[in-house]
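Trainee: Before we discuss anything, could you bring up the sequence and the structure, please?

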Amino acid sequence: MSEEFTFKSLTDSIKSINQQAGKAAKGAVNQLMTLRNWAIGYYIVEYEQGGRDRAEYGTHLLKDLEQQINEKGLNTTLFKWCRQFYSAYPQIGATVSHQFHLPLNQKGATVSHQFTTPADVLVKSLSFSHIRELLPIKDPFERYFYETECIKCGWDVRELRRQITTNLYFRAGISKNPEKLLQSTIGEGPGNELSIRDPFTFEFLGLDTKETVSESDLEQALIDHLQEFMLELGQGFCFEGRQKRIVIDDKYYFIDLVFYNRLLHCNVIIELKNDEFRHEDLGQLNAYVAYYKANEMTEGDNPPVGILLCTKKGDQMVEYALSGMDNQLFVSTYMLHLPDKTQLKEFLEKEVKEFEAKQE
């Protein structure tokens, strides 16, 4: 032992080794619980498919299980997740069988696509809370994309949820510089500011891009599908009004859509343009936001935010047009239909292969 080893060094060393052991123990417990949940799903599916007395329980099987087992945490909600987990991640079967000596018989539980995160990587890198966020994603390729990005970027559960909610999979597929977009998510936190999608996708409106769609048509369609539109906007949005009338210099002006975000405590003003970006549109939006800041803010409010939605934008023109403006303004595009999924997959296949190559 070095002569420089002091009492402080002793306490620091014990603290460090205790933290390391605690972290390792927690990680081991988390992995074991993940394997346990897959095994629970396995047993439930096996019983549903071939249980001798399964007809007696039918649709209330999981509820009866909860009541009969009567142990904290083992409830109907967990059983549903476990059953879904088993079906979505068949590659974990061998690992679970080795751990719990299951009489494994995975009927129909086969890997349906070539992109599969190895079981050991999945279990070691993602908690079951992560996996719960991934399970609602029906497309196996999209789910694999989020698995890969989550592991690569070290997202916590909240950040994974945010990236899924803000459609990172889709944004990466249509981005001009997807590598830069994905790099920007490493270590990215939820923050306390408005996250604006670009583009917004309004496929839920059912508008045909071959038809002539006016701004009023788009606005009416968004109002008709207000719930879907607010989900597309993000969390915390409350609808305030459409064609909100304001008076400037004794003249009436009408704001397309006004929302209030209860998480950010500010108004969000949206202007719709069925055309490419023009700098004069931004001037109009800036005037509306300035009006709200001067006349509509109440105690506790943060300054309003403006969003200009258009069909196309040039990044340089937007940058120049925003230069020198004090108000918080965003310019985003919208699409009435998603792009060709084949093109999206081609990019994502390339991105995933490059990541796997770096891991070797």
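Salt bridges and strand β4

Mentor: This is a predicted model, in which local features need pLDDT of at least 70, side-chain atom pairs count only at pLDDT 80 or more, and totals for chains, interfaces and linings use all residues. Residues are numbered from 1 along each chain as its sequence is written, and side-chain values use heavy atoms, with hydrogens and water left out.

Trainee: How many salt bridges does the structure hold?

Mentor: A salt bridge is a side-chain nitrogen of Lys or Arg within 4 Å of a carboxyl oxygen of Asp or Glu. By that criterion, the number of salt bridges in the structure is 4.

Trainee: Which parts does the salt bridge of Arg 161 and Glu 133 tie together?

Mentor: The side chains of Arg 161 and Glu 133 meet at 3.1 Å, N to O. Helices here are DSSP runs of H or I with at least four residues, strands are runs of E with at least two, and both are numbered from the N terminus. Because Arg 161 lies in residues 157-165 and Glu 133 in residues 128-134, the pair ties together parts 28 residues apart in sequence, namely helix α8 and helix α6.

Trainee: In the salt bridge of Lys 152 and Glu 149, which residue counts as buried?

Mentor: Buried means under 20% relative accessible area, exposed over 50%, and partly exposed in between, with a 1.4 Å probe and protein chains only. The two side chains meet at 3.2 Å, N to O, and the residues are 3 apart in helix α7 (residues 140-153), about one helical turn. Lys 152 is partly exposed, with a relative accessible area of 29%, whereas the value of 0% belongs to the buried residue, Glu 149.

Trainee: How many residues of strand β4 are buried?

Mentor: Cys 266, Val 268, Ile 270 and Leu 272 point one way from β4, while Asn 267, Ile 269 and Glu 271 point the other way, and all are buried. For the strand spanning residues 266-272, the count is therefore 7 of 7, and Cys 266 itself has a relative accessible area of 3%.

Trainee: Which residue in β5 is the bridge partner of Leu 272?

Mentor: Two strands pair if DSSP finds at least two bridges between them. Strand β3 (residues 251-261) and β4 pair in the antiparallel sense over 5 bridges, whereas β4 and strand β5 (residues 305-310) run parallel and are joined by 5 bridges. In β5, the partner of Leu 272 is Leu 309.
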